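Biologist: Hey, could you walk me through this one? I'm new to it.

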Amino acid sequence: MTGTAIEGEARARDGVTLSYTRHPAPEDAPRIAFVHSLALDRSLWSGVTAALEGQAEMVTYDARGHGRSGRPAGPYSTDQFADDLADLLDHLGWTETVVAGCSMGGCVAQAFAAGYADRTRAALFIDTTAWYGPTAPEDWAGRAAAAGEKGLDSLIPFQLTRWFGDAFRAAEPELMERLTGIFTANDVACYEATCAMLGAADLRASAPRIPHPAAVLVGEDDKATPPAMAEALAGLIGDGPATVVRGTRHLTPLENPAVVVDALTGLVRRSDTAGSRS
């Protein structure tokens, strides 16, 4: 079945509502689940899903505490977010999926691929890391405190320059305005809980359990999760080096969706080949 995207709601195992968009495709098409970055929503993937329309059955969704999904009190964990994705797949009737995640979503995708390896056909990790480093708890606590004390709107100048290079920001004023609206509509307590989750996240030990094929992409100008972090993640996974995307910063799915589409297409092709040999 193909056609117009379908909006829906699923329930996580603890009752939290997960709001999603499903993009139908022919029955034999691959299935791809997308996990967005911190304080944004499923629209992060709009350019990617538009390019793959009809070629894959896709689901984008708002993580708990984000967008139109439920906003329960923390604490949060990457394992909990991975369980949410598994519950969404159960609701959709998907036994397996290609999973793609960006930034925070990349951490969630790592937790899902390692914890639900039997449901992971392939995995793509974009502008992300297995570990933010020894000062991560303090660094993320500082960002959460700034939001609590000054409001989320006070973080917008930092966020926009963190996400995109100068030329892209200048060329896309409407996108910058839309992302600003999404970011500032977040619940501060949920934002703080998600920051604490990322500060505590250490996925290095489970990364070798991530099934192949898997790939890592990173913007060459990414200051949040620099290429060195991507290379470290790729080394832990053991399925080839990270791909550095020229001319992008921290949100490659928006700044260069074509390279994400190419990576996903390649992963699907590799998973088909691996399946035919098994």
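Modeller: Here are the basics, then the core, a helix and the pocket. It's a predicted model, where local features need pLDDT of at least 70, side-chain atom pairs count only at pLDDT 80 or more, and totals for chains, interfaces and linings use all residues. Residues are numbered from 1 along each chain as its sequence is written, and side-chain values use heavy atoms, with hydrogens and water left out.

Biologist: Which residues touch the most other members of the largest nonpolar core?

Modeller: Phe125 and Leu264, out of 95 residues. Such a core is a set of buried Ala, Val, Leu, Ile, Met, Phe, Trp, Tyr and Cys residues joined through side-chain atoms within 4.5 Å, and buried means under 20% relative accessible area with a 1.4 Å probe, protein chains only.

Biologist: And which helix gives the most to this core?

Modeller: α3, residues 104–115, with eight residues. Helices here are DSSP runs (H or I, at least four residues), numbered from the N terminus.

Biologist: What does Phe125 touch?

Modeller: Leaving out residues up to four places away in sequence, its contacts (heavy atoms within 4.5 Å) include Gly106, Ala109, Ile210 and Leu233.

Biologist: Switching to α8, which residues are buried there?

Modeller: Among them are Cys190, Tyr191, Ala193 and Leu198. Their cover includes α2, α3, α4, α5 and α7.

Biologist: OK, how do the residues lining the largest pocket divide?

Modeller: Nine are nonpolar (Ala, Val, Leu, Ile, Met, Phe, Trp, Tyr, Cys and Pro), four are charged (Asp, Glu, Lys and Arg), and four are polar, meaning the others, Gly among them. A pocket is an open set of points on a 1 Å grid over the protein atoms alone, where a 1.4 Å probe fits, with protein on both sides within 12 Å along at least five of seven lines; lining residues have an atom within 4 Å of a point. α4 gives the most to that lining, with four residues.

Definitions and conventions:
Buried means under 20% relative accessible area, exposed over 50%, partly exposed in between (1.4 Å probe, protein chains only). Helices (H or I, at least four residues) and strands (E, at least two) are DSSP runs, numbered from the N terminus.
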